[in-house]
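I opened this entry to record what I looked up in the structure. I begin with one strand and its partners, then turn to the whole chain.

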Amino acid sequence: VQLQASGGGLVQAGESLRLSCIVSGSIPNNFMGWYRQAPGKQREPVAVIMPGSGPIYADSVKGRFSMSRDNAKNTIYLQMNSLKPEDTAVYYCHSQGPGRPPAWGQGTQVTVSS
């Protein structure tokens, strides 16, 4: 399984970005997630979604970020609104199917200036 993330960039505080992640295989039964890693910090979950259920968000992004999945397109999205400088990080998409090893995308840089 290969994942290709895109959509990162440099924005000012308060602006929005939409990340996309295309998965090479079928995803309806996969656990999917967005994670981020800031310089000097550990990778942390931002939003995750189980098959057949709604997304779960980190407290730091609740009300600002929205994760969705399009199973027909094998794609997940992360809509990020009201971005803050502390959201600056490399964002990774993650996918794991039943009985399969986890797979990670290459990461996309999000930089939010104050």
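**Strand S4 and its neighbours**

I looked up the pairing of S4 in this predicted model. S4 runs antiparallel to strand S9 (residues 89-96), and seven bridges join the two. Within this pairing I noted Arg 36, which stands opposite Tyr 91 in S9.

I then checked S5. Strand S5 (residues 44-49) also pairs with S4 in the antiparallel sense, over five bridges. Here I found Gly 33 with Val 48 of S5 as its bridge partner. S4 and S5 form a hairpin, and six residues lie between them. In that turn I noted Gly 40, whose phi is positive at about 80°.

Is S4 mostly covered or mostly open? I found five of the seven residues of S4 (residues 31-37) buried, so I entered the strand as mostly covered, taking buried as under 20% relative accessible area.

**The whole chain**

I counted eleven strands and zero helices in the chain. The radius of gyration is 13 Å, close to the 13 Å that the globule rule gives for 114 residues, so I entered the chain as being as compact as a globular protein of that length. For the C-alpha atoms I wrote down a box of roughly 40 × 25 × 20 Å along the principal axes.

Of the 114 residues, 42% are buried. Among contacts with a separation of 6 or more, I found that 51% come from residues 24 or more positions apart.

For the surface I noted about 6000 Å² exposed by the chain, with carbon and sulfur atoms supplying 49% of it. I listed 10 positive and 6 negative side chains, and the centres of the two sets lie 7 Å apart.

Technical notes:
Residues are numbered from 1 along each chain as its sequence is written. This is a predicted model: local features need pLDDT of at least 70, side-chain atom pairs count only at pLDDT 80 or more; totals for chains, interfaces and linings use all residues. Side-chain values use heavy atoms; hydrogens and water are left out. Helices (H or I, at least four residues) and strands (E, at least two) are DSSP runs, numbered from the N terminus. The radius of gyration is taken over C-alpha atoms; the globule rule is 2.2 Å times the number of residues to the power 0.38. Buried means under 20% relative accessible area, exposed over 50%, partly exposed in between (1.4 Å probe, protein chains only). Contact means heavy atoms within 4.5 Å. Accessible areas come from the Shrake-Rupley method with a 1.4 Å probe; for residues, only the protein chains shown count as cover. Lys and Arg count as positive and Asp and Glu as negative; His and the chain ends are not counted. The place of a charge is taken as NZ of Lys, CZ of Arg, CG of Asp or CD of Glu. Two strands pair if DSSP finds at least two bridges between them.
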